Each structure stands twice: as structure tokens, then as C-alpha cells.
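This report concerns the surface patches of a protein model and one residue of its interior. The sequence and structure are shown first.

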Amino acid sequence: GTLLACRSLHGCPLAGHPEDCPGLRAIQQMTPVQGAEYAILTASGQRVVVSASYTPIQQHPGAPVWTLVVMRDVTLQKRREQQLAHRAMTDALTGLPNRASFWNACRKELKRSFRNAQPLAIAIMDVDGFKAFNDQRGHLAGDRLLRALARVLRIGHRGAEIVARYGGDEFGILLPETDVRGAMVIAERLRRTIEGFPFSRPAGGVRATVSVGLAVFPSDGTTAHALF
């Protein structure tokens, strides 16, 4: 028979795409559809994430088929899940992406580099003499230095890079579509910026400079492990 669209499509994210509608799918297959998740726009303009189930109903053979729709508001649950996921991928001290996030980004960018035949540079930066700094100034001062360094890295990159705290006093930087010459220019610029930043000359003569190591896909390796 003829499939009729919903009487009102206000706020429906599937408007104009009936082939994706779980309600129509339930009618076509005469099988309940459970746990369909999407966002709807309420009459008041509020965006709500719902988990919906669809049950086809037909009073007798040949009669019209209706769909019983039950929606559950899961907006808060989804927001909490997103917050937990964000925390799991974020370094608590600096607010930068953490090691796991950096590895995920590295794998993703490597796939993109393979597809587009573009170079990808990876930089690992660490603080020179960080152990001595901690021993002389204490771990709280070391934490303040790492947070300040993270702010400089966040401000100093071009926007295309992915900057993360790799662990301890190590930071990782992904440089998409960057060859070895471009990576060296960027690494040297960051190194000089950090060397000239106010925290690099604290009282007592301890200097907070950094060293950077670089590897470039595909010349130095074609996998994340090889590049590291």
C-alpha cells in the first residue's frame, strides 16, 4: 500500500529523508524498532535527544498500519556520557588531549595521509632538566610550569596541529600535511617562543627550555609505532 508521511514534521531531523525513518521501517517490515536515538526540536525550540521505540499496529488484515511511538528523553544521560568521554581523553593537569587521544588522532591522520598521499609530521617535545626543576622548586612549581607550557603550545599553534600532553614533561604535536622542512620550521618556532616566554627564566637561574624530536610519514615510517 501507500506509505503516508507523518502529519507533522516539525522538529523532526528526518524530514525529507523518509527512507531513514524508523517508524516507516517498522511499518514496512511489520517489526518493532527499538532504541533509535536522535535529536528533535521541540515546539519551544529546545533541542532534545530521545531514545525512541516504534511498534506497528494493525487492527485486522487490510486495515491501515499505525505506529505506536514511545520516546524517552535521554538528553541528560547523553550529556553525562559526553562529559565522561571528554574526561577520559583529556589530561587533568593541563586540559590538553591526553596520550590516548593523541594516539587516536595519530591513527586517524595517518589514514587520511595515506588516502591523500600527503605527509604527516609527528613532534615529541620535552622540557630540558625538568627533574632538576622539580627537585629545586618542588612538584607544585613543576605542575605550574607544565600548565603554563600547555597554554603557550595551545596559543602558539596554527590551528591545524593537534597538541597533547603525552606524559610527564612530554608533549606530542601532530602536523598534518607537513613535510620535514615545514616541521622543522614549526618546531624551531615553538622552541624559540618557549625559550623567550617569561617562565623560562625563573629566579634562581633555572631555565625552562625544550627539546623536540621529529618524524615524518612516509619517509620515516608508515605506522604510528614506526614514527614514534
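Strand 3, which spans residues 65–73, is the element that gives the most to the nonpolar patch, contributing three residues. The model is a predicted one. The members of this surface patch are I57, W66, L68 and V70, and together they have about 400 Å² of accessible area. Of these, L68 lies in strand 3. Its relative accessible area is 44%, so L68 is classed as partly exposed, a class that runs between 20% and 50%.

A patch of positive charge is also found on the surface, where R144, R147, R151 and R154 gather. R147 belongs to helix 5, which covers residues 139–156. With a relative accessibility of 31%, R147 counts as partly exposed. Patch membership requires over 30% relative accessible area, and R147 has 31%.

E109 is situated in helix 3, residues 99–116. Because its relative accessible area is 10%, E109 is buried, the limit for that class being under 20%. Apart from neighbours within four places in sequence, the residues in contact with E109 are L120, I162, L174 and P176.

The three residues described individually are listed below.

| Residue | Element | Relative accessible area | Class |
|---|---|---|---|
| L68 | strand 3 | 44% | partly exposed |
| R147 | helix 5 | 31% | partly exposed |
| E109 | helix 3 | 10% | buried |

In summary, L68 is part of the nonpolar patch and R147 is part of the patch of positive charge, whereas E109 is buried.

Note on methods: Residues are numbered from 1 along each chain as its sequence is written. This is a predicted model: local features need pLDDT of at least 70, side-chain atom pairs count only at pLDDT 80 or more; totals for chains, interfaces and linings use all residues. Side-chain values use heavy atoms; hydrogens and water are left out. Helices (H or I, at least four residues) and strands (E, at least two) are DSSP runs, numbered from the N terminus. Buried means under 20% relative accessible area, exposed over 50%, partly exposed in between (1.4 Å probe, protein chains only). Contact means heavy atoms within 4.5 Å. Patches are made of residues with over 30% relative accessible area and no salt bridge: like charges are joined within 9 Å, nonpolar side chains (Val, Leu, Ile, Met, Phe, Trp, Tyr) within 5 Å. Accessible areas come from the Shrake-Rupley method with a 1.4 Å probe; for residues, only the protein chains shown count as cover. A salt bridge is a side-chain nitrogen of Lys or Arg within 4 Å of a carboxyl oxygen of Asp or Glu. Lys and Arg count as positive and Asp and Glu as negative; His and the chain ends are not counted. The place of a charge is taken as NZ of Lys, CZ of Arg, CG of Asp or CD of Glu.
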